[in-house]
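Trainee: I am new to this structure and would like to ask how its descriptions are justified. Could we take them one at a time?

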Amino acid sequence: MSRQSTVRADNRKVSAELFVLTHGALVAQLVKDYESDEEVNKQLDKMGYNIGVRLVEDFLARSNVGRCHDFRETADVIAKLGFKMFLGISPVVTNWSAASDEFSLILDNNPMAEFAELPEGHEGLLFSNILCGVLRGALEMVQMEVDVWFVHDSLRGDETTEIRLKFIKKLEDALPAGED
Amino acid sequence: MTIYNIYIFDRNGTCLYYESWNRKKESNMSKEEEFKLMYGMLYSIKSFVARMSPSESKDGFLNYRTSKYKLHFYETPTGLKFILNTDLNAGSIKDVLFNIYSKIYVEYVVKNPLCQLNEPIQSELFTSKLDSYIRSLTIFN
């Protein structure tokens, strides 16, 4: 069983270009479908969220990591394992807030935006905003409510691409009916 | 040796899946009642174990045994709970429960966009894969 599944796991690796171009086509279609960049950003975030809540199960099943005990550990797992597994990059974790409830991920070369160029008049478009939704959805499934947003995006002329994560609160397990 | 039955609960206490193989005695209550009772007990045992433990434990509750059967428990960080009841000869079957999660639940439920994640599992593919996996185990018979 184990041998079979490793073979299959390898077969399932697809070229990053296929994924990146598909994502590009998705964004292009959304830009056509919606009036404003804000609305496109919102749709991308929503789609990302729906992906994230499923992706987290795949991640946990493949990496076998346990529960994180603090936000710093979470940051490490996201950057070193999560991004590595699904995008093949390891963003740098930096800019911790004093209370350790906020940090930034710096993506030196964002693979999602490899072939992208923002057209005139779409300065507000967050091309890779789907990533924010994925992170938010995945963390919500492990009982962490977080805010995720792009601070800088090299596509919009910034020096770096920076995603900021802010820990809001820990979500509690549901009580069984009739017990409190 | 034998395996009696399996329960899969989501983090809200919904029973996603139930299947029995060699269960000779049924509880005299409806399945819904039984699931609620089971989930309530697991919830209580989890908090009991966490509170009574004299030191920080990583795993928490793993299993319990009575004179007749043994209940094995595995919880993922996302709060999914896998419960397998076997006879007393089964050792630690943590890897079996993990395989059910990673090789069957993730593959045939999570990766199937038509399967809702917090509703009872309807997929026949999942049912048949799980059934053949359980029957292939050396502890099954």
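Mentor: This is a predicted model. Start with the surface: chain B exposes about 7,500 Å², and carbon and sulfur atoms supply 52% of that area.

Trainee: How many residues of chain B count as buried, as a percentage?

Mentor: Of its 141 residues, 46%. A residue is called buried when its relative accessible area is under 20%.

Trainee: What is the order of helices and strands in chain B?

Mentor: Along the sequence the pattern is β-β-α-β-β-β-α-α. That gives three helices and five strands.

Trainee: Why is chain B called as compact as a globular protein of its length?

Mentor: Its radius of gyration is 15 Å, and the globule rule gives 14 Å for 141 residues; the two values are close, so the description holds. Along the principal axes, the C-alpha atoms fill a box of roughly 45 × 30 × 30 Å.

Trainee: How do you know that β1 and β2 of chain B pair?

Mentor: At least two bridges are needed for a pair. Strand β1 (residues 3-9) and strand β2 (residues 15-20) have five bridges, in the antiparallel sense, and therefore count as paired. One of the bridges joins B:Y7 to B:Y18 in β2(B).

Trainee: What lies between the two strands of that hairpin?

Mentor: Five residues, and B:G13 in this hairpin takes a positive phi near 90°.

Trainee: How far apart are the mean positions of the positive and negative charges of chain B?

Mentor: They are 5 Å apart, for 18 positive and 15 negative charges.

Key: Residues numbered from 1 in each chain as written. Chains lettered and ligands numbered in written order. Predicted model: local features only at pLDDT ≥ 70, side-chain atom pairs only at ≥ 80, totals over all residues. Heavy atoms only, no water. Helix = DSSP H or I, 4+ residues; strand = E, 2+ residues; numbered from the N terminus. Rg over C-alpha atoms; globule rule 2.2 N^0.38 Å. Buried < 20%, exposed > 50% of the residue type's maximum accessible area, 1.4 Å probe, protein only. Areas by Shrake-Rupley, 256 points an atom, 1.4 Å probe, with all protein chains shown as cover. Lys, Arg positive; Asp, Glu negative; His and termini not counted. Charge placed at Lys NZ, Arg CZ, Asp CG, Glu CD.
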